[in-house]
Amino acid sequence: QTIREHHLLDQGQHVLVAVSGGPDSMALLSLLTSLAPSWRLKLTAIHFNYGLRGSESDGDEKFVASFCQTRNIPFVVRKPVLVKRRRASSLQALARWARYEAMKSLAHEIHADRIATGHTADDQAETIVLWMLRGAGLTGLAGMPFIREEIIVRPLLRTTREEVLDYLKQEKLPWRQDSSNMKDLYRRNRIRQELLPVMAHITPSIVRLLERQADLLRADELYLEQVVEQLYASCVTVDTSGGQQFDGKAFAAFPAALQRRLIRKMLKATHSEGRAPAFRMVEEVLRFARSGTGSNRLSLRMADVTRERGGRFVIRRKEQEAARKVRSS
């Protein structure tokens with residue numbers, strides 16, 4: 001039902017399935033395997049072994065490999081070496097980034113049409129609370145979309161963790177427990193183990209309520225993004241060196257919400273990996289664009305913003321960031 005409602009898959013597609021061995025991904029792989037004959041789906045499973053939990057990590061790999069072998073599902077293992085990147089928020093965030101990059105690369109290599117992940121409604125609730133605690137705006141509070149970058153799909157995003165466990169029990173399907181999910185070192189784990197249970201005690205249907213909130217805010221977010229796309233196309237020009245130019249007077253007439261989103265979109269374009277800028281960085285550019293006095297140049301980590309004659313502003317990617325963009329492409 002979720003796949004049909006959100007147009008996540010089409011018949012005859014090749015789907016790369018992310019399988020950790022945990023309950024969510026095992027349920028996803030099982031469900032897609034059941035769906036494959038009638039939908040003529042071709043499945044390939046991918047598993048990531050970071051080696052961070054020693055023999056437990058190797059045990060997860062062997063478990064998923066054995067499961068796929070008995071069902072004749074092509075199986076691929078990736079063992080990323082996690083190198084601490086500047087400003088990476090945590091080892092979890094670094095692993096997540098490496099995982100998505102590797103999956104997109106493999107999907108391109110094997111001509112997969114979609115990448116399926118096992119995120120559930122509980123994961124959605126945790127994500128929303130996590131962003132709430134960071135003081136996020138509409139984008140963060142809208143949670144995870146059902147489809148991302150036109151290739152990554154989340155068929156279980158309407159399914160609760162309880163429903164997943166019931167399904168595994170009913171089908172007598174095995175799964176692995178990741179011991180790192182039980183540690184309170186990570187903020188997401190503390191939200192899962194401590195905060196959400198308290199919220200559920202106050203409001204038993206908290207997961208479904210946060211899910212509904214995400215649906216409502218995502219619709220607003222989509223509309224605003226479409227407005228910003230139109231503004232960008234009509235108000236921003238890109239010169240031969242890649243500098244993004246816009247008229248300061250026209251920009252000043254926009255509502256603050258659209259100003260902030262337009263700046264965010266331009267700064268995102270300067271990042272070598274297309275990552276969204278921090279709130280603080282967007283606010284710096286906004287203050288600079290709104291002020292009529294002071295310096296004519298603002299230097300940021302990834303970009304430079306200059307005030308030109310005639311009240312025009314230009315946002316340019318820094319040289320080192322441009323070189324990084326070339327190396328990664």
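**Cores, aromatic rings and a cavity**

Phe313 is buried, with a relative accessible area of 4%. This value, like the others here, comes from a predicted model. The threshold for calling a residue buried is under 20% relative accessible area, so Phe288, at 8%, is buried as well.

Phe313 leads to the aromatic residues. Across the whole structure, a search finds 5 aromatic pairs. In one of them, the ring centres of Phe251 and Phe254 lie 6.3 Å apart and the ring planes stand at 75 degrees, so this pair is edge-to-face. Phe251 and Phe254 are both buried. Phe288 and Phe313 make another edge-to-face pair, with 5.8 Å from centre to centre and 80 degrees between the planes. This second pair links distant parts of the chain: Phe288 belongs to helix α12 (residues 279-290) and Phe313 to strand β11 (residues 312-317), and the two residues are 25 residues apart. The four phenylalanines named so far belong, together with Phe246, to one aromatic cluster.

Several of these residues also border an empty space. The structure holds 1 cavity of 30 Å³ or more, and the space in the largest cavity is about 30 Å³. Its lining consists of Cys235, Phe246, Asp247, Ala250, Phe251, Phe254 and Leu262. Sorted by class, that lining has 6 nonpolar residues, 1 charged residue and no polar ones. Two elements, β8 (244-247) and α10 (248-252), each contribute at least two residues to the lining. Phe246, Phe251 and Phe254 therefore appear both in the lining of the largest cavity and in the aromatic cluster, where the edge-to-face pair of Phe251 and Phe254 is also found.

The nonpolar cores come next. The largest nonpolar core has 31 residues, and the members that touch the most other members are Leu9, Val15, Val17, Leu32 and Leu43. Two or more residues of this core come from each of β1 (14-18), α2 (23-39), β2 (42-48), α3 (55-70) and α7 (161-171). Among these elements, α2 gives the most, with 7 residues.

Val17 shows the contacts in detail. Leaving aside residues up to four places away in sequence, Val17 touches Leu28, Leu29, Leu32, Leu43, Thr44, Ala45, Ile46 and Ala116. Leu32 and Leu43 are thus partners of Val17 and are also listed with Val17 among the core members that touch the most others.

A second core, separate from this one, has 25 residues, including Phe246, Val285, Leu298 and Ala303. Phe246 brings the account back to the cavity, since this residue is part of the cavity lining and of the aromatic cluster.

Note on methods. Residues are numbered from 1 along each chain as its sequence is written. This is a predicted model: local features need pLDDT of at least 70, side-chain atom pairs count only at pLDDT 80 or more; totals for chains, interfaces and linings use all residues. Side-chain values use heavy atoms; hydrogens and water are left out. On a 1 Å grid over the protein atoms alone, a cavity is a set of points where a 1.4 Å probe fits but cannot get out, and a pocket is an open set with protein on both sides within 12 Å along at least five of seven lines; lining residues have an atom within 4 Å of a point. Grid points are joined across faces, edges and corners, and a volume is the space filled by probe spheres set on the points. Helices (H or I, at least four residues) and strands (E, at least two) are DSSP runs, numbered from the N terminus. Ala, Val, Leu, Ile, Met, Phe, Trp, Tyr, Cys and Pro count as nonpolar, Asp, Glu, Lys and Arg as charged, and the others, Gly among them, as polar. A nonpolar core is a set of buried Ala, Val, Leu, Ile, Met, Phe, Trp, Tyr and Cys residues joined through side-chain atoms within 4.5 Å. Buried means under 20% relative accessible area, exposed over 50%, partly exposed in between (1.4 Å probe, protein chains only). Contact means heavy atoms within 4.5 Å. Rings of Phe, Tyr and Trp (its six-membered ring) pair if their centres lie within 6.5 Å; planes under 30 degrees apart count as stacked, over 60 as edge-to-face and the rest as tilted.
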